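Me: I should like a close look at a single part of this structure, with attention to the contacts made by its side chains. Please give one connected account.

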Amino acid sequence: MFRDFIPEDERDDFIVAYHKRLTSPDISVQVAAAKIWTKWEMMTAQLVQNKDNILRGEDDKFSLVSISL
C-alpha cells in the first residue's frame, strides 16, 4: 500500500514522493498521502502491532495532524 500509492517512476525516493503529495495544493491528495504514511508509521512503530493504533491511520484529521508534527 505504501509503495503502490507512488507511481513507479517516483519510487527511487519515497521521502521526496510523499513530501510532494503531503504538500500538494489538493487537500484530497494530502489526506490520501497522510493516511497511508500514518498507517505505515503505526504498523512499524512498535514491535507488536496494535490494531487500534493502525486503525487511527484511517482518520483524516489524525493523519494530517500526525504528519505535520
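Reply: The following account concerns helix α2 and the partners of its side chains in this predicted model.

Helix α2 covers residues 27–44. The helix has 18 residues and reaches 26 Å from its first C-alpha to its last, close to the 26 Å expected at 1.5 Å a residue. Its buried residues are Q30, V31, A33, A34, I36, W37, T38, K39 and M42. As general background, an α-helix has 3.6 residues a turn, so residues three or four places apart point the same way. Three of the buried positions, Q30, W37 and K39, are taken in turn below.

Q30 is part of helix α2. Q30 counts as buried because its relative accessibility is 19%, and the cut-off for buried is under 20%. Its side chain reaches the backbone oxygen of S24 at a distance of 2.5 Å. When neighbours within four places in sequence are left aside, the residues in contact with Q30 are R21, L22, T23, S24 and L64.

W37 is also buried, at 15% relative accessibility, and it takes part in an aromatic pair with F2. The two ring centres are 5.6 Å apart and the planes meet at 55°, which makes the pair tilted. This pair links distant parts of the chain: F2 belongs to the segment before α1 (14–22), whereas W37 sits in helix α2, 35 residues apart. The partner F2 is likewise buried, at 18% relative accessibility. Ring pairs join F2 and W37 with F5, F14, Y18 and W40 into a cluster. The count of aromatic pairs comes to seven.

K39 brings a charged partner to the helix. In general, side chains of opposite charge can pair when their charged atoms come close. K39 forms a salt bridge with E58, with the closest N and O atoms 2.6 Å apart. Because E58 lies in the loop between α3 (51–56) and α4 (60–68) and K39 in helix α2, the pair ties together parts that are 19 residues apart in sequence. The two ends of this salt bridge are classed in opposite terms of burial only in part: K39 is buried, with a relative accessible area of 16%, while E58 counts as partly exposed at 39% relative accessibility. The structure holds six salt bridges.

Taken together, helix α2 is linked through W37 to the segment before α1 and through K39 to the loop between α3 and α4.

Definitions and conventions. Residues numbered from 1 in each chain as written. Predicted model: local features only at pLDDT ≥ 70, side-chain atom pairs only at ≥ 80, totals over all residues. Heavy atoms only, no water. Phe/Tyr/Trp six-rings, centres within 6.5 Å; stacked < 30°, edge-to-face > 60°. Helix = DSSP H or I, 4+ residues; strand = E, 2+ residues; numbered from the N terminus. Buried < 20%, exposed > 50% of the residue type's maximum accessible area, 1.4 Å probe, protein only. Polar contact = N/O pair within 3.5 Å; in protein donor to acceptor, adjacent residues only side chain to side chain. Contact = heavy atoms within 4.5 Å. Expected span 1.5 Å × (residues − 1). Salt bridge = Lys/Arg side-chain N within 4 Å of Asp/Glu carboxyl O.
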